[in-house]
Protein chains: 2
Amino acid sequence: MDEIARQAGVSKTTVYRALSGQGRIGESTRRRVLDIAERAGYRPNRLARGLRRARTGLIGVVVPGIEGQFYARLLEGVEKALQDVDHRVLLTMSRGQREYELVESLLDMQVDGLIVASETDEPEFYTRLLERRVPIVFIDREVPGLHADLVATDHFQGGVLLGEHLRERGYRRPAFLSMTDSPRRIGSVEDRWCGFRSVFRNAALLEFPFVASAERYQEDHPEAPQPETFSELCRHAVAGALEPLDGFPYDSVFAQYDHFALALIDALKAAGLRVPEDVGVVGFDDHDFTGYTEPSLTTIRQPLREIGLQAARRLLERIEEPDLPAAALRLPPRLIARRSSEPLAAKEQP
Amino acid sequence: MDEIARQAGVSKTTVYRALSGQGRIGESTRRRVLDIAERAGYRPNRLARGLRRARTGLIGVVVPGIEGQFYARLLEGVEKALQDVDHRVLLTMSRGQREYELVESLLDMQVDGLIVASETDEPEFYTRLLERRVPIVFIDREVPGLHADLVATDHFQGGVLLGEHLRERGYRRPAFLSMTDSPRRIGSVEDRWCGFRSVFRNAALLEFPFVASAERYQEDHPEAPQPETFSELCRHAVAGALEPLDGFPYDSVFAQYDHFALALIDALKAAGLRVPEDVGVVGFDDHDFTGYTEPSLTTIRQPLREIGLQAARRLLERIEEPDLPAAALRLPPRLIARRSSEPLAAKEQP
DNA sequence: CGGCCTTGCGTAACCGATTCCGCGACCCAC
DNA sequence: GTGGGTCGCGGAATCGGTTACGCAAGGCCG
């Protein structure tokens, strides 16, 4: 800018006025400066601007990882919404740990706000941040006792949809396959459980060891061979959950994620059970391939992209208007009925 | 920092020396300053530091999108490697357009370097950037005529592996299913084609309309209903590619991505053909679900995470040492043999 | 014609960390 | 006891935009 000012024979302030359109400036000067800037290939330094204005156009995003497609789709929505208003995503992956460090480092970089879609559950940290008036929007993750913005799928409704679906199709003894830590710890799964139970009072709870990431798995099983993909990870975990069972006393299972559902189907097949003839299975997420599996998987499609979009928009609003009351936005999920929950009626008329 | 200096009764310079460990400073002063800073919850402003040092610890990353799992896994590797050295990822998604604008905006933010894993192919833009000595590492994308760092799968080798696999299993009339734009435009697919042809001289080339993203699809087919997932997108495209065919004259198909492979299998089934009995199908990528599909999919597992890691490391090296000669790193892929390419021998002995 | 307002532009401070330069005190040796 | 060196520290400039303030010229009004 100094250089341009010199070339145009004006002050830096005037250059600024020409470039920004702010303030009073003569038309001819403006043109001349703009012309010189253009010719010089001038591009503003966003760091310097951010420093002075205390606004960087940077949004910090925290996710556990993006291999699981779930967070990837969310992120697509977030990035899209932010790109539309010329903001940038500063992305970090917590991989089930170090979440607070990462958030701190994002704040050090002077992000304008945070979108947190992660898994830890210590509210104190975020309480302090909210007291400091750091704009935060949580995605799909209700921090207990925290009065903050939230955008999520209506998980209760998802539980209801699947419950009603199974009931309509004639299933009567369903199980709810979950991780050891939930439903107490993970709000979304808790909500699904409540919705599901509102349809099936007698639903049983099946649990298996918590699996978040390859790193985490490696920590928990230091000597086991490292699974290469998330699918393999789930397969190990689900197999472990079925082992202690004496026979398989359920006629259907609501698995919390499609990965678990597919792993379960594999485990059931290995145990000599047919899906859906002996056991119906439904998942949650509608991953890309669930239409191609054998059997194809009945599942819930969450409006992930939309959630990301809304979360980003909400955050931008809050940055503009820090005093907005905190609100939760729950978007409706959609049932995708496929073969893995084929009606019992069908199997009883061979 | 001024505040801390005041409280400690020293100058800002001294505070800096205490905090950074740089320069000469008395032990007692150091302790006192550190103590006060700790108590005040001081955190350095990375913007200011970046401005002064011309080093931000920010790395710009450009990908088309991350729903397709391919870029998601790459990104996992990149983020991991950068996190280890306390750098952050500034993520942008080009969605098949606006790539240059995005790169410019990343540079405005004073990123230390760029990792580009995207799809456009105009070398001029990047030539200029390289002349300006902007550190760039390309991922899985050879820009023609550009002498730059590259990290990729050894696609030629991948083509060879699949070719040999099909030949060993008895297939003789293979087709190479690709997008209209390739293999001329996309280097990786071109390489696979060469590798595949080095095994099967008579391999045929099947093409279908290019599909990159929902946005792009919508542009090309403004009045068609918007597919909701990438799978659906591929299904439309592949179906279109098979339509003009008179019968199906091939005994096997090498589809360039697992998504295409699965879409193809669906299309073949719909046409009354059995996979792998009538037609063997192999894919490329080893997506998360390809072990669960019916039939399970033979494919190539690319070391995506590793590619991301190496690319990030390479970029860091180049940032430190801008005069390094440009190099291409091609990592070996791995064949994952599954049912979709079951030996012909098996089908001929019923 | 003097007071007042608008226009067009410049000066200097500022954001917060970093860095160059240098000064006074002190130690050691010749 | 004086020259040379080290130690501990401060002043001020710097990175590149942004902004508060103010000044001179010119027009308009009473």
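Q: Where is the place of Ala54(A)?
A: A loop is read from the elements on either side, helices (H or I, at least four residues) and strands (E, at least two) being DSSP runs numbered from the N terminus. Ala54(A) lies in the loop between helix H4 (46–53) and strand E1 (58–63) of chain A. The phi angle of Ala54(A) is near 55 degrees, a positive value in a residue other than glycine.

Q: How should the numbers and letters be read?
A: Residues are numbered from 1 along each chain as its sequence is written, while chains are lettered from A and ligands numbered from 1 in the order in which they are written. This is a predicted model, in which local features need pLDDT of at least 70, side-chain atom pairs count only at pLDDT 80 or more, and totals for chains, interfaces and linings use all residues; side-chain values use heavy atoms, leaving out hydrogens and water.

Q: Which peptide bond is cis, with omega near 5 degrees?
A: In chain A, the bond from Val275(A) to Pro276(A) is cis, with omega near 5 degrees. Pro276(A) belongs to the loop between helix H12 (258–270) and strand E9 (280–282) of chain A. In chain B, a cis peptide bond joins Val275(B) and Pro276(B), with omega about 5 degrees. Pro276(B) is placed in the loop between helix H12 (258–270) and strand E9 (280–282) of chain B.

Q: What turn and what shift lay chain A on chain B?
A: Copies are superposed by least squares on the C-alpha atoms of residues with pLDDT of at least 70 in both. Here a turn of 180 degrees with a shift of 0.0 Å along the axis lays chain A on chain B, with an RMSD of 0.1 Å. This is the relation of a two-fold axis. Thr293(A) is the residue of chain A that comes closest to the rotation axis, its C-alpha being at 2.0 Å. Both copies use the same surface, since 100% of the contact residues of chain A (contact: heavy atoms within 4.5 Å) recur in chain B.

Q: At what angle do helix H2 and helix H3 of chain A pack?
A: Axes are lines fitted to C-alpha atoms, for helices over the stretch in contact, and angles run from 0 to 180 degrees between N-to-C directions. Helix H2 (residues 12–20) and helix H3 (residues 27–40) of chain A pack at about 85 degrees, with axes 9 Å apart. H2(A) is therefore roughly perpendicular to H3(A) (under 35 degrees is roughly parallel, over 145 roughly antiparallel, 65 to 115 roughly perpendicular, the rest oblique). H2(A) contributes Thr14(A), Val15(A), Ala18(A) and Leu19(A) to the contact, and H3(A) contributes Thr29(A), Arg30(A), Val33(A), Leu34(A) and Ala37(A).

Q: How many aromatic pairs does the structure hold over all chains?
A: Rings of Phe, Tyr and Trp (its six-membered ring) pair if their centres lie within 6.5 Å; planes under 30 degrees apart count as stacked, over 60 as edge-to-face and the rest as tilted. The structure holds 26 such pairs over all chains. One of them, Tyr126(A) with Phe138(A), is edge-to-face, at 5.1 Å centre to centre and 85 degrees between the planes. Tyr126(A) is in helix H7 (residues 123–131) and Phe138(A) in strand E4 (residues 136–139) of chain A, so the pair ties together parts that are 12 residues apart in sequence.
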